[in-house]
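Please open the structure in a viewer and keep the sequence panel visible. The tour below proposes what to select at each stop and describes what is found there.

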Amino acid sequence: MKRKNLKAITAFALALTLSASAGAPAIAPVTTAQAAAKIKLNVTKKTLAIGKTLQLKLTGTKKSIKWTSSKKSVATVSQKGLVKAKSAGKATITATCSKKKYKCAVTVKKASAKVTYKTETVDGFQFPYPSGWITQSDSTDAMTVFAAADDAENPKKMALFMCVPTGTEALDYNAMKTTFAQMFNEELLSATLENAGIQNVSISGMKTSDFKSAHGMCLQIRLHLKATENGQPMEGNCVLYVLSVDNYLIEAIGINETDSTTAFLTTQTEAMLNGLVLPQ
């Protein structure tokens with residue numbers, strides 16, 4: 001999106017941040033009893049580059065587990081649940097426990113060109129961003145904001161982090177996910193943007209899913225934004241990751257123009273989120 005469109009994206013992110021902060025205290029921290037209540041696989045769908053690994057775990061049971069791969073030429077799995085990507089293709093990794101099967105769909109792709117990263121420290125956070133990108137940051141008592149884009153005047157790719165202090169333990173993920181689903185919809189977000197001065201707002205294709213980051217489970221929200229600002233049309237795809245950790249609620253937002261590759265939304269943003277270093 002062009003630089004003049006940053007206002008709309010910031011307003012959108014701010015709306016989510018403030019609403020999430022308001023709802024956070026009502027969500028209870030996760031407990032050991034809740035976590036062990038159900039047997040489940042920690043990852044059910046994953047894309048790996050050739051040569052990469054994935055550690056699968058079946059939680060909620062102490063019984064023996066048998067691990068198998070539907071296509072060993074694509075991905076193998078050890079009896080400790082360690083998956084290794086061998087060649088491009090698709091395979092299903094299955095964990096069998098007490099005659100029940102738990103599956104993870106693995107897609108293996110050729111490794112893409114390596115991206116090098118730099119870091120910028122703001123309020124104790126270390127934010128990673130691709131080398132060559134321009135950055136901007138701001139901080140108040142209410143939140144820390146960090147933005148990075150591939151160009152100063154006409155960016156096509158951008159990432160935005162918003163970190164809100166909560167002063168509480170990490171929230172129970174399932175409860176947080178339910179709360180967000182109840183609080184956010186296309187109509188509410190459109191109204192929020194219009195109140196911020198953005199006209200003819202149209203939000204479509206909103207979808208939610210789970211993402212396991214290096215810091216814990218995240219709620220992923222995808223959407224398509226189309227609007228007008230100061231008479232100028234704007235359009236783009238957005239993906240938002242909402243993460244609760246001890247003392248902070250974190251949002252990471254990836255943005256790209258409609259004609260850009262959508263792979264950026266799920267690879268670059270996730271890589272930046274995984275590389276984020278939290279304050280000590």
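## First stop: two cysteines

Select Cys-238, which counts as buried at 2% relative accessibility; here buried means under 20% relative accessible area, exposed means over 50%, and partly exposed lies in between, with a 1.4 Å probe and protein chains only. Cys-163 is also buried, at 1% relative accessibility. How many disulfides are counted? The count is 0, where a disulfide is a pair of cysteine sulfur atoms within 2.5 Å. In general terms, a disulfide is a covalent bond between the sulfur atoms of two cysteines.

Before moving on, note that this is a predicted model, in which local features need pLDDT of at least 70 and side-chain atom pairs count only at pLDDT 80 or more, while totals for chains, interfaces and linings use all residues. Residues are numbered from 1 along each chain as its sequence is written, and side-chain values use heavy atoms, with hydrogens and water left out.

## Second stop: strand 11 and its hairpin

Select residues 125-130, which make up strand 11. Helices (H or I, at least four residues) and strands (E, at least two) are DSSP runs, numbered from the N terminus. Strand 11 is mostly covered, with 5 of its 6 residues buried.

Now add residues 117-122, which form strand 10 and are joined to strand 11 by 6 bridges in the antiparallel sense. Two strands pair if DSSP finds at least two bridges between them. Thr-121 has Gln-126 of strand 11 as its bridge partner. The two strands, 10 and 11, form a hairpin with 2 residues between them, and Asp-123 in the turn has a positive phi of about 55 degrees.

## Third stop: the aromatic rings

Show the side chains of Phe-125, Phe-127, Tyr-129, Phe-146, Phe-161 and Tyr-248, which form one aromatic cluster. Rings of Phe, Tyr and Trp (its six-membered ring) pair if their centres lie within 6.5 Å; planes under 30 degrees apart count as stacked, over 60 as edge-to-face and the rest as tilted. The count comes to 6 aromatic pairs.

Focus on Phe-125 and Tyr-248, an edge-to-face pair with 4.9 Å from centre to centre and 70 degrees between the planes. Phe-125 belongs to strand 11 and Tyr-248 to strand 18, so this pair ties together parts that are 123 residues apart in sequence. Phe-125 counts as buried, at 1% relative accessibility.

Next, select Phe-127 and Phe-146, a stacked pair with 4.7 Å centre to centre and 5 degrees between the planes. This pair links distant parts of the chain, with Phe-127 in strand 11 and Phe-146 in strand 13, 19 residues apart. Both Phe-127 and Phe-146 are buried.

## Fourth stop: the nonpolar cores

Which residues touch the most other members of the largest nonpolar core? Select Val-201, Ile-203, Leu-225 and Val-242, which do so among its 28 residues. A nonpolar core is a set of buried Ala, Val, Leu, Ile, Met, Phe, Trp, Tyr and Cys residues joined through side-chain atoms within 4.5 Å. Elements that each supply at least two residues of this core include helix 3 (173-183), helix 4 (186-195), strand 15 (199-213) and strand 16 (216-229). Strand 16 gives the most, with 5 residues. Apart from this core lies another, of 22 residues, among them Phe-211, Leu-243, Tyr-248 and Leu-273.

Return to Val-201: leaving aside neighbours within four places in sequence, its contacts are Ser-190, Leu-193, Glu-194, Leu-225, Lys-226 and Ala-227, where contact means heavy atoms within 4.5 Å.

## Fifth stop: a buried loop residue and the open sheets

Select Val-74, in the loop between strand 5 (66-69) and strand 6 (75-77). Is Val-74 buried or exposed? Val-74 is buried, with a relative accessible area of 2%. The C-alpha atoms of Val-74 and Ala-88, 14 residues apart along the chain, are separated by 6.2 Å.

Strand 6 belongs to an open sheet of 3 strands in the order 3-7-6, with antiparallel pairing. Its edge strands are strand 3 (53-55) and strand 6, each pairing on one side only. Between strand 6 and strand 7 (residues 82-85) there are 3 bridges, and Thr-76 stands opposite Lys-84.

Finally, select strand 8 (residues 89-97) and strand 9 (residues 100-109), which pair in the antiparallel sense over 9 bridges. Both appear in an open sheet of 4 strands, in the order 2-9-8-5, whose pairing is mixed.
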